[in-house]
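Ready for a few short exercises? Open your viewer, keep a notepad at hand, and try each task before reading its solution.

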Amino acid sequence: MDALDEAAIRLPGVQVRVLGRCGSTNSLLLAERVGAPVLLAAEAQTAGRGRRGRRWLSAPGRDLTFSLARRIARPARELAALSLVAGVAVTKALRALGVARAAIKWPNDVLAGEAKLGGILVETRLAGRASLAVIGVGINCRTDRERARRARRRVAFLEELLSPLPSRNLLIERIGLALLAALDAFEQRGFAALREEWLALHAHAGRRLRVRLADGRTLTGVAAGLDEEGGLQLETRGGLRAVRSGQILSARSA
Ligand code: BTN
C-alpha cells in the first residue's frame with residue numbers, strides 16, 4: 001500500500017509529521033508543547049489506545065492511525081462535546097469521499113451499517129489559558145479477515161466500501177481538513193454549531209438502545225437526540241433520560 005508522506009498531506013497552517021513507528025500518536029502529542037496545530041500520523045503504533053482504556057489494534061502500513069493536536073479556547077466544562085465534534089468531522093469526510101453508509105454510534109464510533117469502521121479518542125489537557133485537544137483517529141483500511149474474526153464485534157474495512165481506495169495521504173488530508181473546520185466552528189460557537197449535523201449522521205435515531213451506564217447498570221430506551229452538552233437522550237419507561245457516559249450494548253428497531 002502507499003507509504004505515508006508528509007509532503008502529500010496538505011493542511012494549511014498545520015505542521016504535518018509522519019513516523020514509521022511509535023507507541024501512540026495521541027500519547028506523543030499530549031506530551032508536547034503545541035503552538036500551531038500539529039498532525040502526527042504513524043505507519044505503525046505499538047501501544048495504540050482506544051476509548052475506555054482499551055487497546056487499539058491496527059496493521060502496520062495498512063490502516064490509518066493519526067492524531068491532530070490543536071489549542072482550543074472554550075471553557076473546560078464544554079470540552080466533553082469535542083468527542084461528538086470529532087465524530088461529525090470524520091464521518092462527514094468519509095461520506096464526502098463516497099462512504100455513503102458512514103454513520104455515528106454515540107458518542108463517536110464511526111460505523112458502516114452496524115460494523116465499526118473507525119474509532120476516535122479525544123484527550124485534553126490545560127495549556128496556559130486555553131486547552132490542548134488531541135484528537136486521535138483510527139480507521140480500518142485494508143481488509144484483515146483474521147482481525148475481523150478475533151474482534152468481539154463486527155468490523156468494517158474502507159477497502160470494502162470505497163473502490164478504488166484513495167491513498168492514505170489523501171484520506172488523512174480530507175479528514176484533517178474536516179476536523180480543522182469542525183474545531184473552528186466549535187471554538188467560535190460551541191457544540192451548538194455541530195449539533196444538527198451530529199443528529200443527521202446518527203446511526204441509531206429512533207432505535208431502541210440498551211446502554212451500559214458508567215456505574216455498571218443498564219438502561220433501555222428509544223434514542224431521542226442529544227441534550228445541550230451532547231448527552232444521549234433516551235425515551236425510557238420512566239421518562240426522558242440523558243446519558244453522559246456509557247456504552248451502547250445493542251440497537252434494535254423500536
Ligand atoms: C476507540 O476506542 O474507538 C478509539 C480508537 C482511537 C484510535 C486512534 S489511532 C491514533 C490515535 N492514537 C492512539 O493511541 N489512539 C488513537
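The exercises below deal with a predicted model, and they go from the ligand outwards to the backbone.

**Exercise 1. Describe the shell of residues around the ligand.**

Solution. Start with the count: 20 residues surround the ligand, and the closest are S24, Q45, R49, R51 and K116. Next, sort the shell by character. It divides into five nonpolar, 11 polar and four charged residues. Then ask where these residues sit in the fold. The elements α1 (25–30), β3 (64–72), β6 (115–127) and β7 (130–139) each supply at least two of them. The largest share, four residues, comes from β6.

**Exercise 2. Find polar atoms of S24, R49 and R51 close to the ligand, and say whether each belongs to the side chain or the backbone.**

Solution. Take the residues one at a time. For S24, a polar side-chain atom lies 2.7 Å from an oxygen atom of the ligand. For R49, the atom in question is a backbone N or O, and its partner is a nitrogen atom of the ligand, at 2.7 Å. For R51, a polar backbone atom is 2.7 Å from an oxygen atom of the ligand. Now check how well the ligand is covered: taken alone it exposes 420 Å², and the protein buries 97% of that. Finally, look at the space itself. The ligand takes up the largest pocket.

**Exercise 3. Is S67 buried or exposed, and which side chains does its own side chain contact?**

Solution. First place the residue: S67 belongs to strand β3. Its relative accessible area is 0%; the cut-off for buried is under 20%, so S67 counts as buried. Then look for partners of its side chain. One polar contact goes to the side chain of T25, at 2.6 Å. Another goes to the side chain of N26, also with a distance of 2.6 Å.

**Exercise 4. Locate the cis peptide bonds that precede P107 and P164.**

Solution. Begin with the general expectation: most peptide bonds are trans. Now inspect omega. From W106 to P107 the peptide bond is cis, with omega near 0 degrees. P107 sits in the loop between β4 (102–105) and β5 (109–112). The bond joining S163 and P164 is cis as well, with omega about 0 degrees. Here the proline is in the loop between α3 (145–150) and α4 (168–189).

**Exercise 5. What is the sign of phi at R52, and how accessible is this residue?**

Solution. Most residues other than glycine have a negative phi. R52 is not a glycine, yet its phi is positive, at about 50 degrees. On the chain, R52 falls in the loop between β2 (38–45) and β3. Its relative accessibility is 42%, so R52 counts as partly exposed.

**Exercise 6. Compare separation in sequence with separation in space for two pairs: G225 with A205, and V99 with A47.**

Solution. Take G225 first. This glycine is in strand β9 (residues 218–226) and is buried, with a relative accessible area of 17%. G225 and A205 are 20 residues apart along the chain, while their C-alpha atoms are separated by 7.0 Å. Now turn to V99, in the loop between α2 (82–97) and β4. V99 is buried too, at 1% relative accessible area. V99 and A47 are 52 residues apart in sequence, and from C-alpha to C-alpha the distance is 28 Å.

Technical notes: Residues numbered from 1 in each chain as written. Predicted model: local features only at pLDDT ≥ 70, side-chain atom pairs only at ≥ 80, totals over all residues. Heavy atoms only, no water. Near = heavy atom within 4 Å. Polar contact = N/O pair within 3.5 Å; in protein donor to acceptor, adjacent residues only side chain to side chain. Areas by Shrake-Rupley, 256 points an atom, 1.4 Å probe, with all protein chains shown as cover. 1 Å grid on protein atoms, 1.4 Å probe; cavity = no way out; pocket = protein on both sides within 12 Å on 5 of 7 lines; lining within 4 Å. Sits in = over half its atoms within 2 Å of the grid points. Helix = DSSP H or I, 4+ residues; strand = E, 2+ residues; numbered from the N terminus. Nonpolar A, V, L, I, M, F, W, Y, C, P; charged D, E, K, R; others polar. Buried < 20%, exposed > 50% of the residue type's maximum accessible area, 1.4 Å probe, protein only.
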